[in-house]
Amino acid sequence: MTVTASDWKYPNVKVVFGEEDSSVIEQIEFHREQEHGKMEMIVLFRTGSVYLYHEVNETDIAAVLFAKSIGSAFNKVISNSDSYEFTRII
């Protein structure tokens, strides 16, 4: 049985990465917006910067989380994509 993010009962998910997992990203948190069902993703970088990415596709989140290089996948799929608007929080 395939499970997708839309099947989750809990609206918030936080993934914390050790330095052996990613030298760039410390934490990714995401949740489904109730009004429109899109995913919002908050990324905490090891530099201390925090960004909020709006309406992120769940397959792109999975591509980052399960990549061999999390930082490289994030840059390719999310950061360098014209698909996602973002807001710098810190």
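Two strands are said to pair if DSSP finds at least two bridges between them. In this predicted model, β2 and β3 satisfy that criterion, pairing in the antiparallel sense over 7 bridges. Within this pairing, Arg 32 has Met 39 of β3 as its bridge partner.

On the β4 side, β3 is joined to β4 by 5 bridges, and these two strands also run antiparallel. Here Met 41 stands opposite Tyr 53 of β4. The strands β3 and β4 form a hairpin with 4 residues between them, and Gly 48, in the turn, has a positive phi of about 100°. Strand β3 is mostly covered, with 5 of its 7 residues buried.

A second positive phi deserves attention. Glu 55 lies in strand β4, which spans residues 50–56, and its phi is near 50°, a positive value in a residue other than glycine. Most residues other than glycine have a negative phi. Is Glu 55 buried, exposed or partly exposed? Its relative accessibility is 44%, so Glu 55 counts as partly exposed, the class that lies between the limits of 20% and 50%.

The interior may be considered next. The largest nonpolar core has 17 residues, and those with the most contacts inside it are Ile 25, Ile 28, Met 41, Val 43, Tyr 53, Phe 74 and Ile 78. At least two residues of this core come from each of β2 (25–32), β3 (39–45), β4, α1 (58–65) and α2 (70–79). The element that gives the most is β3, with 4 residues. Met 41 and Tyr 53, which stand opposite each other in the pairing described above, are both among the core residues with the most contacts.

Ile 25 illustrates how separate parts of the chain meet. Leaving aside its neighbours within four places in sequence, Ile 25 is in contact with Phe 17, Val 43, Leu 44, Phe 45, Arg 46, Ile 70, Gly 71 and Phe 74. Of these partners, Val 43 and Phe 74 are also listed among the core residues with the most contacts.

The two helices complete the picture. The axes of α1 and α2 come within 8 Å and cross at roughly 155°. Because angles over 145 degrees count as roughly antiparallel, α1 is roughly antiparallel to α2. The contact is made by Asp 60, Ala 63 and Val 64 of α1, together with Ile 70, Ala 73, Phe 74, Val 77 and Ile 78 of α2. By class, this contact has 7 nonpolar residues, no polar residues and 1 charged residue. Phe 74 and Ile 78 thus take part in the helix contact and also appear among the core residues with the most contacts.

Terms used: Residues numbered from 1 in each chain as written. Predicted model: local features only at pLDDT ≥ 70, side-chain atom pairs only at ≥ 80, totals over all residues. Heavy atoms only, no water. Buried < 20%, exposed > 50% of the residue type's maximum accessible area, 1.4 Å probe, protein only. Core = buried A, V, L, I, M, F, W, Y, C linked by side-chain atoms within 4.5 Å. Contact = heavy atoms within 4.5 Å. Axes fitted to C-alpha atoms, helices over the stretch in contact; angles between N-to-C directions. Parallel < 35°, antiparallel > 145°, perpendicular 65-115°, else oblique. Nonpolar A, V, L, I, M, F, W, Y, C, P; charged D, E, K, R; others polar.
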